[in-house]
Amino acid sequence: KGASAMLSGFMGGGGGGAADDGVARDRLREFQAQIFELEDLFQDEEQTEFCVVTIPTELAMAESERLVAALGEQEIAVRNIVVNQVLSDQDAASQYVERLSKGQGKCVAELEEVARQHKVLNDITLTKVPWLDAETRSVYGLRALGQALLNPTE
């Protein structure tokens, strides 16, 4: 009765009597049928396909590769992959970095003001980690990040 009572509680049943057990089983069967319908829908290439959206970084690409493989194993269609934030030429890259820097400057200034306003209640330290020229991966990347966090330039 322990598992039945737990299932009954999960499914919204009452005190755990025989009638409640039947209601819980019926709800569970309904839920199972819905899951099977959903699985069928996901595997119907005429009605459903996944579009993987990613960014061009090692970590995001590895996650996307795993996602595409897992969807393939489940026979779920993937026909499109969208890669956001691709810098196509040097001018676009320069303009992007300039806009990014301006936006970051405004956000950092706002956070500095928040830190100043709340310093009376809490001793808030704002640490700015500089843009690293490579993704933070491996021991060397983590060392560089740790160095930037522990020895800030400002």
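The legends below describe an overview and several close-up views of a predicted model. Local features are reported where pLDDT is at least 70 and side-chain atom pairs at pLDDT 80 or more, whereas totals for chains, interfaces and linings use all residues. Residues are numbered from 1 along each chain as its sequence is written, and side-chain values use heavy atoms, with hydrogens and water left out.

**View 1. Order of the secondary-structure elements in the chain.** Five helices and two strands make up the elements of the chain, arranged from the N terminus as α-α-β-α-β-α-α. Helices (H or I, at least four residues) and strands (E, at least two) are DSSP runs, numbered from the N terminus. The chain has 154 residues, of which 11% are buried; buried denotes under 20% relative accessible area, exposed over 50%, and partly exposed the range in between (1.4 Å probe, protein chains only). Of the contacts (heavy atoms within 4.5 Å) between residues at least 6 apart in sequence, 48% link residues at least 24 apart. The accessible surface of the chain is about 12300 Å², with 56% belonging to carbon and sulfur atoms; accessible areas come from the Shrake-Rupley method with a 1.4 Å probe, and for residues only the protein chains shown count as cover.

**View 2. Glu-75 in the loop between α3 and β2.** This loop joins α3 (58-73) to β2 (78-83). Glu-75 is not a glycine, yet has a positive phi of about 60 degrees. Most residues other than glycine have a negative phi. Glu-75 is exposed, at 56% relative accessible area.

**View 3. Gln-85 in the loop between β2 and α4.** Gln-85 is placed in the loop that precedes α4 (90-118) and follows β2. Its phi is positive, about 65 degrees, although Gln-85 is not a glycine. The residue is exposed, with a relative accessible area of 58%.

**View 4. Cys-51 and Cys-107.** Cys-51 is partly exposed, its relative accessible area being 42%. Cys-107 is likewise partly exposed, with a value of 48%. Zero disulfides are found in the whole structure, a disulfide being a pair of cysteine sulfur atoms within 2.5 Å.

**View 5. A nonpolar surface patch that includes Ile-35.** Leu-28, Phe-31, Ile-35 and Leu-38 form this patch of about 330 Å². Patches consist of residues with over 30% relative accessible area and no salt bridge, with like charges joined within 9 Å and nonpolar side chains (Val, Leu, Ile, Met, Phe, Trp, Tyr) within 5 Å. A salt bridge is a side-chain nitrogen of Lys or Arg within 4 Å of a carboxyl oxygen of Asp or Glu. Ile-35 belongs to helix α2 (residues 18-43) and is partly exposed, with a relative accessible area of 40%.
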